[in-house]
Amino acid sequence: ELPKIRMPRHLRQTYVRHVGDAVNMMIPFQGKPQPEVIWTKGDQPLDTSHINIRNTEKDTIFYIRKAQRSDSGKYELTVRINGAEDKATLDIQVIEPPGPPQNLKLVDMWGFNVALEWTPPVDNGNSEIKGYVVQKSDKKSGKWFTALEHCTRTSCTISDLIIGNTYSFRVFTENACGLSEKAAVTSAVAHIEKTKTAYQPEKIPQRDMMEPPKFTQPLTDRTTTRGYSTHLFCSVRGFPQPKIIWMKNQMEIREDPKYIAMIEQGICSLQIRKPSPFDGGIYTCKAVNPLGEASVDCKLDVK
């Protein structure tokens with residue numbers, strides 16, 4: 001029976017392990033009489049003090065207790081019977097976390113934003129770099145928060161920073177093994193200052209508001225019934241607010257409980273409580289301020 005290696009499907013592509021993991025592969029083969037099994041790496045026999053090979057009639061077992069990065073590479077398996085042979089190649093990749101990025105710098109600051117730049121790490125951990133994780137920390141809390149994940153470039157912009165806070169930044173490298181154990185940290189800090197806007201008050205020309213009293217609504221003659229309270233109304237404007245004097249038949253009405261005088265929003269009112277025929281006559285409303293005076297009259301009949 002001719003020799004033939006039956007390579008398992010999962011070993012037909014690159015076999016990836018982390019540094020320190022065990023590598024344990026069993027590769028079946030066939031052929032009679034019992035074939036000769038030869039392992040080589042780069043046309044050199046294997047270091048049997050580090051790599052254990054155990055062969056049976058039907059398979060060969062390749063075992064490393066703790067893998068090292070130097071174990072990465074292409075291994076060739078040959079199964080031979082009397083000059084007839086079958087070959088297979090195994091690609092092993094032993095990876096570990098990468099080193100931190102290099103030369104991290106805070107290159108620009110504007111408004112609520114900062115720009116960062118860095119260069120790839122010296123050591124990629126024997127695995128392609130997937131990207132970078134950028135974190136920020138404000139001085140008040142001292143806690144680190146992820147601002148950007150899976151950044152594939154070696155520069156980025158961090159936005160939406162808070163006014164008045166002072167920030168530090170750090171960047172981790174990421175490969176198939178995970179994040180770098182250490183991060184590159186910015187030596188400079190970013191203080192987000194409030195943008196200063198000078199307030200220019202609008203220059204409004206001073207307007208002369210002074211005005212002598214002027215009645216905008218005069219008193220009107222009234223006829224009322226004895227015993228029923230009545231109101232007299234007029235409206236006045238002027239600045240400063242005029243003083244209002246009510247008169248009956250040219251006599252000033254002073255503190256008399258029969259009369260209640262009020263002014264609100266320029267409306268002057270005089271209430272005459274339960275008038276009698278004696279309360280009829282000519283009523284005058286006089287408005288006075290430092291610029292002048294004005295008055296209006298009306299006649300009240302009580303029947």
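Reader: Which residue in strand 25 does E264 stand opposite?

Author: In this predicted model, strand 24 and strand 25, the latter spanning residues 267–272, pair in the antiparallel sense over 6 bridges. Within strand 25, the residue that stands opposite E264 is I267.

Reader: Which strands stand at the edges of the open sheet with the order 19-21-25-24?

Author: The open sheet has 4 strands with antiparallel pairing, in the order 19-21-25-24. Each edge strand has a single partner strand, so one side of each is left without a neighbour in the sheet. The strands in that position are strand 19 (211–217) and strand 24 (259–264).

Reader: What does the twist of that sheet average from one strand to the next?

Author: The sheet in question is the open one of 4 strands, ordered 19-21-25-24. From one strand to the next, its twist averages 25°.

Reader: Is P242 buried or exposed?

Author: P242 is found in the loop between strand 21 (230–239) and strand 22 (243–248). Leaving aside neighbours within four places in sequence, P242 is in contact with P213, R237, A287, V288 and N289. Buried means a relative accessible area under 20%, and the value for P242 is 8%, so this proline is classed as buried.

Reader: How far apart in space are P242 and H150?

Author: In sequence, P242 and H150 are 92 residues apart. In space, taken from C-alpha to C-alpha, the separation of P242 and H150 is 76 Å.

Reader: What distance separates the C-alpha centres of domain 1 and domain 3?

Author: The domain assignment gives domain 1 as 4–95, domain 2 as 102–192 and domain 3 as 211–302. Between domain 1 and domain 3, the C-alpha centres lie apart by 118 Å.

Reader: How many salt bridges does a search of the whole structure find, and which side chain does D123 meet in one of them?

Author: A search of the whole structure finds 10 salt bridges. One of them involves D123, whose partner side chain lies at 3.0 Å, N to O, and the pair links distant parts of the chain, 54 residues apart. D123 sits in the loop between strand 11 (113–119) and strand 12 (129–138), while its partner sits in the loop between strand 7 (59–64) and strand 8 (73–81). The count is therefore 10, and the partner of D123 is R69.

Reader: What relative accessibility do D123 and R69 have?

Author: Neither extreme class applies here, because partly exposed covers the range between under 20% and over 50%. D123 is partly exposed, with a relative accessible area of 28%, and R69 also counts as partly exposed, at 29%.

Reader: With which residue does K87 form a salt bridge?

Author: K87 lies in strand 9 (residues 84–95) and its partner in strand 8, 11 residues apart, so that the pair links distant parts of the chain. K87 counts as partly exposed at 45% relative accessibility, and the partner counts as partly exposed at 27%. The closest N and O atoms of the two are 3.7 Å apart, and the partner is E76.

Reader: Which of E293 and K286 is exposed, and which is partly exposed?

Author: The side chains of E293 and K286 meet in a salt bridge at 3.6 Å, N to O. The cut-off for exposed is over 50%; E293 has a relative accessible area of 51% and is exposed. At 24% relative accessibility, the partly exposed residue is K286.

Reader: Which residues do salt bridges that share partners join into one network?

Author: One pair in this network has already been described, the salt bridge of K87 with E76. Through shared partners, the salt bridges join into one network E76, R80, E85 and K87.

Conventions. Residues are numbered from 1 along each chain as its sequence is written. This is a predicted model: local features need pLDDT of at least 70, side-chain atom pairs count only at pLDDT 80 or more; totals for chains, interfaces and linings use all residues. Side-chain values use heavy atoms; hydrogens and water are left out. A salt bridge is a side-chain nitrogen of Lys or Arg within 4 Å of a carboxyl oxygen of Asp or Glu. Helices (H or I, at least four residues) and strands (E, at least two) are DSSP runs, numbered from the N terminus. Buried means under 20% relative accessible area, exposed over 50%, partly exposed in between (1.4 Å probe, protein chains only). Contact means heavy atoms within 4.5 Å. Domain bounds come from an automatic or database domain assignment. Two strands pair if DSSP finds at least two bridges between them. Axes are lines fitted to C-alpha atoms, for helices over the stretch in contact, and angles run from 0 to 180 degrees between N-to-C directions.
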